Amino acid sequence: AQFESLKNQLDPHFLFNSLNVLSSLIEENPENAQKFTTSLSKIYRYVLEQKDKELVSVAEELQFAKTYMNLLKMRFENSITFEIPEGFDIASNLAMTEEAKVVPLSLQLLLENCIKHNVVSEAKPLHIKISIENGQLVITNNLQKKEVLSDRKGVGLQNIVNRYGILTKRKVLVEENEKEFK
């Protein structure tokens, strides 16, 4: 029940943020708003497909993250860059079998948090990197904290920590220094 409650927090959060982006795009760039809507429907389909799952394969989640990053790129254009290894071979990079699993939508939530808590502009572009380090999936961004949110603790990040806490003994590690958030 606790896990279900945590999962159900994400759905409205994702939809609300996506609709805010769409609303901005309609005024700024109607053509991109149309493309965004099409991509958003594909993304939301994935959200609905994963709704009842506790875990999904890392490969599935990375593929979804790529789609979501393309959506963000449409919105932020030159203000954001993403790095994900080409030809990402999950099994060999994770030094695990293809059974490596993650909590559904955790990458999307982390990508969303990067944008929510950091300045994203052409003058100060945000760089987000997805990589593998010591058998763990890692999301890193350059730290450019928004002043308004600097002392707020993320509900989304705590949600991920809590969901993993229910499913596994492996801890979600969070590191922050003056240059990056990991």
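User: Let's start with L105. Where is the place of L105?

Analyst: L105 sits in the loop between β3 (101-102) and α5 (106-117). Keep in mind that this is a predicted model.

User: What makes L105 buried rather than exposed?

Analyst: Its relative accessible area is 11%. Buried means under 20%, so L105 with its 11% counts as buried.

User: What else is there to say about L105, for instance about its phi?

Analyst: Phi of L105 is near 70°, a positive value in a residue other than glycine. E77 also has a positive phi, near 45°, and isn't glycine.

User: Where is E77, then?

Analyst: E77 is in the loop between α3 and β2.

User: Why is E77 called partly exposed?

Analyst: The relative accessible area of E77 is 41%. Buried would need a value under 20% and exposed one over 50%. The 41% of E77 falls in between, so the label is partly exposed.

User: And K171, what makes that one exposed?

Analyst: K171 has a relative accessible area of 66%. The cut-off for exposed is over 50%, so K171 passes it. You'll find K171 in the loop between α6 (155-167) and β6. The C-alpha atoms of K171 and V161 are separated by 7.5 Å, with the two positions 10 residues apart along the chain.

User: How do you know that S131 counts as buried?

Analyst: S131 has 8% relative accessibility. Set that against the cut-off of under 20%, and S131 is buried. S131 lies in strand β4. Leaving aside neighbours within four places in sequence, S131 is in contact with Q136, L137 and V138.

User: Speaking of strands, which order do they take in the open sheet?

Analyst: The sheet has 4 strands in the order β2-β4-β5-β6, and the pairing is mixed.

User: What makes β2 and β6 the edge strands?

Analyst: β2 (80-83) and β6 (180-181) each pair on one side only.

User: In which sense do β2 and β4 pair?

Analyst: β2 and strand β4 (residues 126-133) pair in the parallel sense, over 4 bridges. Two strands pair if there are at least two bridges between them, so the 4 bridges here are enough. As for a particular bridge, E83 has K129 in β4 as its partner.

User: Which helix packs on the sheet?

Analyst: Helix α3 (residues 58-76) does, touching β2, β4 and β5 (136-142). The direction of α3 makes about 160° with that of β2. Angles over 145 degrees count as roughly antiparallel, so α3 and β2 run roughly antiparallel.

User: Why are α3 and α5 called roughly parallel?

Analyst: α3 and α5 pack at an angle of about 25°, with their axes 9 Å apart. Angles under 35 degrees count as roughly parallel, so the two helices are roughly parallel to each other. Their contact involves several residues, among them F64, Y68 and L72 of α3 and L107, L111 and I115 of α5. The crossing of α3 and α5 is right-handed.

User: How many helices and strands does the whole protein chain have?

Analyst: The protein chain has 6 helices and 6 strands. Along the sequence they follow the pattern α-α-β-α-β-α-β-α-β-β-α-β.

User: And what percentage of the residues count as buried?

Analyst: Of the 182 residues of the protein chain, 41% count as buried. L105 is buried, and S131 counts as buried too.

Definitions and conventions:
Residues numbered from 1 in each chain as written. Predicted model: local features only at pLDDT ≥ 70, side-chain atom pairs only at ≥ 80, totals over all residues. Heavy atoms only, no water. Contact = heavy atoms within 4.5 Å. Axes fitted to C-alpha atoms, helices over the stretch in contact; angles between N-to-C directions. Buried < 20%, exposed > 50% of the residue type's maximum accessible area, 1.4 Å probe, protein only. Parallel < 35°, antiparallel > 145°, perpendicular 65-115°, else oblique. Left-handed = near helix turned anticlockwise from the far one by under 90°.
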